[in-house]
Amino acid sequence: MTRRPEIGALAAAGVIFVFFLAVAPAFRSLESFFTVLYQSSTIGIVAVGVGMLMIGGEFDLSAGVLVTSAGLVNSMFCWYLGVDLWAGAALSLLFCLAVGFLNGWLVMRTGIPSFLITLGTFFILQGANLGVTKLVTGAVASPDVSAIDGFHSLGLIFSSSFEVGPVTVWGTVLWWILFVLISGWILQRTRGGNWIHAVGGAADSARAAGVPVVRTKIGLFLAVSFLAWFVGMHNLYRFNTLQAGGGVGNEFLYIIAAVVGGTLLTGGFGNATGIAIGAFLFGMTSLGIVYAGWDPNWFRAFLGVMLLAAVMVNLYLRRVFR
Amino acid sequence: MRRRVLAAGVATLLLISACSEGGRAEPQQATGYTIAFVTHETPGDTFWNIVRSGAQQAAEDVDVQVRFSNDPDATRQAVLIQQAVDAKVQGIATTLVTPDALAGSVRAATAAGIPVVGLNAGIERYRDLGALMYFGSDETVAGTSVGERIAASGAKHPLCVIHQAGSVALEARCAGVKSAVPGTENLQVNGADDAAVTSTLQAKLAQDRTIDYVVTLGAPIALDAIQAGSTAKIATFDLNKETADRIKDGKIEFAIDQQPYAQGYMAVTSLYLYLKNGNDLGGGKAVLTGPSFVDKSNIDTILPYVEKNTR
Amino acid sequence: MIRLSGVGLSYGPIRALHDIDLQVNAGEVTCVLGDNGAGKSTLIKIMSGLHPHTAGRFHIDDRETVLRSPRDALDLGIATVYQDLAVVPLMPVWRNFFLGSELTTGRFPLRRLRIREMRGTAETALNDMGIAVADIDQPIGTLSGGQRQSVAIARAVHFGARVLILDEPTAALGVHQSGVVLRYIAAARDRGLGVVLVTHNPHHAHLVGDHFVVLKLGATVLDARRGAVTLDQLTAQMSGGDELTELARELRRPA
């Protein structure tokens, strides 16, 4: 049981799912289920990276605003210079990876906890998002990109959806599943996964055993920034325009998804399935409350209760089955 | 925070340059007024950007210096007003969204003989606090006129989307809508995340298929509502470039504009007139800058202004 | 196999270690003894590649070397087992066993672990050393301290270590557990490994040691082979020699 971090989250997901099925008639349809999956995927994709990073013993508080930065870089670069959106998307990817690298490099180089380093990046990005957008466009929202070349082909990758019977399936849901599978494979079946667990569980032991700690951790920060870029692209190509102040607060949702999914806050323990279930729990409760027709003002309170419950269930399971 | 630091830096630079130019600072101080412009803006809202543009234009037109500062947190906004008093500015324009929290600072300003003008929020309380004039719309009145208009087009069960938790002004708008259409229901969404807004709306519209109108309280939220893809019609408070385009192509029925540009512009010029000439606008009553309706019939005249970021 | 001659290490102006001569031979246990702060851990850092030496010569197989990283040391067959950071507690025994030397198959990006083989090998290697672990999948943190040290030693032996450096392997252990670990040290020696046992416990050292080096304030104060030194002499040197005699006199109750 100590080897199954997701067991608590799975039980909770089951209970909450049945609960909403019982109280919310509108929840009982396939359409609703896929809307929940979509909501989960927009959090879940970045949570895959953040969760892996947490297993590797680090935090990233800048991931939420980096999603917005990614979209802003792409849209403003292309709008201002009148170039194809593909160039902007590539530039945005480079930008995100640079931010991820900087986060990782600073953490490893200075030894300052990643919580503080990425809190700094968070504020820098938040301010720069607004400041640069204002400078470039004169407003605090990015310009509409739907008329620029490349919009449709990029939209196909990042924000397409298709109909299956009455159900709209968003591409992000499939991407999310793919990323979860890859992450699960990396964590359980590759050398990199072994290293991630080791640097998060006991970095000094890992270093002594010959694990390249710096490279592993920087790699994790890069993974987070890649996934943040991915969701940033989705947001841009689905909504055409972005508010420069967006994304703030989501960094905690990623962390909550990982923790609810059984990832140990101190690192070294967790898995991809758990993190995915954590994100699904978030999507299910945030929308379930609406489907039930309750006042969504309560959602945050619910989220907090869920977080505490998940953490306590995990603690309990770990004690009982030790 | 960053903005405030920046603003302080810019203000310092201006002061330094003012000193170095003539060699003497005093004549500069005597010819141009300095006005502090304090709001509860959350950085990154398109709406406030337009308010600022108005204030900036006014500052140029009447040759005063405007110092902007903002903080969504009520206690910190109070400190900003106090700072303006300490800096001995000639006039203060401020939003009064949380009158009780700001009362102390505003009274300190009036006690120091600095005229205060309210804008955007606080229509019921501005006079109690000692503010001279008020420029803004009455949120409840605006809500009611939206409610009346959608009721006329047959709405029975509209959804009023609140994108910021615990905002008095937004709640008042929805209350206004409800006073005209009793079937109105409120929905809370996370305004900082477009995808979350869309899927929450989708969920709500699936849960209750009798919803026939979606009223959003901010322009970006209206765009998310379009993405939610339902048969319900959409109306929104406030304008921006994209919503204006959507009104033009019929995706949004109408927007109700409280003319934020005029709020910023009038707040600054009224202070100027008061300082220069002792004028008092509004005849002891609040000056309403809205509601003004923008729909297909007048969008073509308004669109150029929207593109210039002044509406 | 390893020969240090006049090796020293300075951190800026501070000399942590100077003029150390040390020889490690195959099939022998070399014990490095010393009080806290004597320079034992600095010596380990040099030999395990965590810190390159700044003075003297370091020969491995008669070739002069400077170790720049733990990886360098491992590649030359020098494995170090640290007292407190020997393993990653939350990871299964077999993953710990192969940590840093995982067996993989396939090409990037599809390169993956040979999990079945790794588990089997770990199990066999532990059995060969006479270490009984209930479940190769259990987190290594659930093993006792002695067992953890033993797994770490077995790991080093399995990966072809020729020189095994043990940092205070018995420091945190009780008498019985210490006995278990000392037995594995003897087993490693019998397999022809050169063992460096770093400890401040002369009793443990004397049980298995062939050669003793006592450090004090970063310098060698005793260097003797097994026949040339008794346990009492060793204990006396360890605990400060003359200093202790002095202390004994001082503390004696007045008659």
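This is a short talk on chain contacts, helix packing, a pocket, a cavity and a few backbone details in one structure.

The model is predicted. I'll start with the chains. There are 2 pairs of chains in contact, and of these, chains A and B share the most contacts. Chains B and C do not touch, and their nearest C-alpha atoms are 32 Å apart.

Now to helix packing in chain A. Two packed helices are described by the angle between their axes and the distance between the axes. I have three pairs to go through.

The first pair is H2 of chain A, residues 30–55, with H10 of chain A, residues 213–239. Their axes come within 6 Å and cross at roughly 165 degrees. Angles over 145 degrees count as roughly antiparallel, so H2(A) is roughly antiparallel to H10(A). The crossing of H2(A) and H10(A) is left-handed. On the H2(A) side, the residues in contact include Tyr38(A), Thr42(A), Ile45(A), Val46(A) and Met52(A). Across from them, H10(A) contributes, among others, Leu220(A), Phe221(A), Val224(A), His234(A) and Arg238(A). By class, the residues of the contact between H2(A) and H10(A) divide into 15 nonpolar, 3 polar and 1 charged.

The second pair is H4(A), residues 85–110, and H5(A), residues 114–137. These pack at an angle of about 145 degrees, with their axes 9 Å apart. The crossing of H4(A) and H5(A) is right-handed. H4(A) brings Phe95(A), Val99(A), Asn103(A), Leu106(A), Val107(A) and Thr110(A) to the contact. They meet Ser114(A), Ile117(A), Thr118(A), Thr121(A) and Leu125(A) in H5(A). The residues of the contact of H4(A) with H5(A) comprise 6 nonpolar, 5 polar and no charged.

The third pair is H11(A), residues 250–260, and H12(A), residues 272–291. Here the axes come within 7 Å and cross at roughly 120 degrees. H11(A) and H12(A) are therefore oblique to each other. The crossing of H11(A) and H12(A) is right-handed. The contact uses Leu253(A), Ala257(A), Ala258(A) and Val260(A) from H11(A). From H12(A) come Gly274(A), Ile275(A), Gly278(A), Ala279(A), Leu281(A) and Phe282(A). The contact of H11(A) with H12(A) has 8 nonpolar, 2 polar and no charged residues.

Next, the empty space, beginning with the second largest pocket. It holds about 900 Å³ of space. There are 27 residues lining this pocket, and the closest to its centre are Ile186(A), Thr190(A), Gly192(A), Ile196(A) and Phe108(C). Which helix supplies the largest share of the lining of the second largest pocket? H10(A) does, with 8 residues. In chain A, H2, H7 (171–189), H8 (191–201) and H10 each supply at least two residues of this lining. The lining of the second largest pocket divides into 17 nonpolar, 7 polar and 3 charged residues. H2(A) and H10(A), the helices of my first pair, are thus both among the contributors to this pocket.

On to the cavities. A search of the whole structure finds 6 cavities of 30 Å³ or more. The largest cavity has a volume of about 100 Å³. Residues from chain A line it, including Gly64(A), Val67(A), Thr68(A), Asn235(A) and Asn250(A), and from chain B there are Ala192(B), Asp193(B) and Asp194(B). H3(A), residues 63–81, gives the most to the lining of the largest cavity, with 3 residues. By class, that lining has 3 nonpolar, 7 polar and 2 charged residues.

Last, some backbone details. Where is the cis peptide bond in chain B? It joins Gly290(B) and Pro291(B), with omega about 0 degrees. Pro291(B) is in the loop between strands S11 (287–288) and S12 (292–295) of chain B.

In chain C, the peptide bond from Phe108(C) to Pro109(C) is cis, with omega near 0 degrees. Phe108(C) also appeared earlier, among the residues closest to the centre of the second largest pocket. Pro109(C) is found in the loop between strands S7 (104–105) and S8 (112–113) of chain C.

Finally, Gln259(B) has a phi near 55 degrees, a positive value in a residue other than glycine. Gln259(B) lies in the loop between strand S10 (254–257) and helix H12 (260–277) of chain B.

That is the end of the talk.

Definitions and conventions: Residues numbered from 1 in each chain as written. Chains lettered and ligands numbered in written order. Predicted model: local features only at pLDDT ≥ 70, side-chain atom pairs only at ≥ 80, totals over all residues. Heavy atoms only, no water. Axes fitted to C-alpha atoms, helices over the stretch in contact; angles between N-to-C directions. Helix = DSSP H or I, 4+ residues; strand = E, 2+ residues; numbered from the N terminus. Parallel < 35°, antiparallel > 145°, perpendicular 65-115°, else oblique. Left-handed = near helix turned anticlockwise from the far one by under 90°. Contact = heavy atoms within 4.5 Å. Nonpolar A, V, L, I, M, F, W, Y, C, P; charged D, E, K, R; others polar. 1 Å grid on protein atoms, 1.4 Å probe; cavity = no way out; pocket = protein on both sides within 12 Å on 5 of 7 lines; lining within 4 Å. Points joined across faces, edges and corners; volume = space filled by probe spheres on them.
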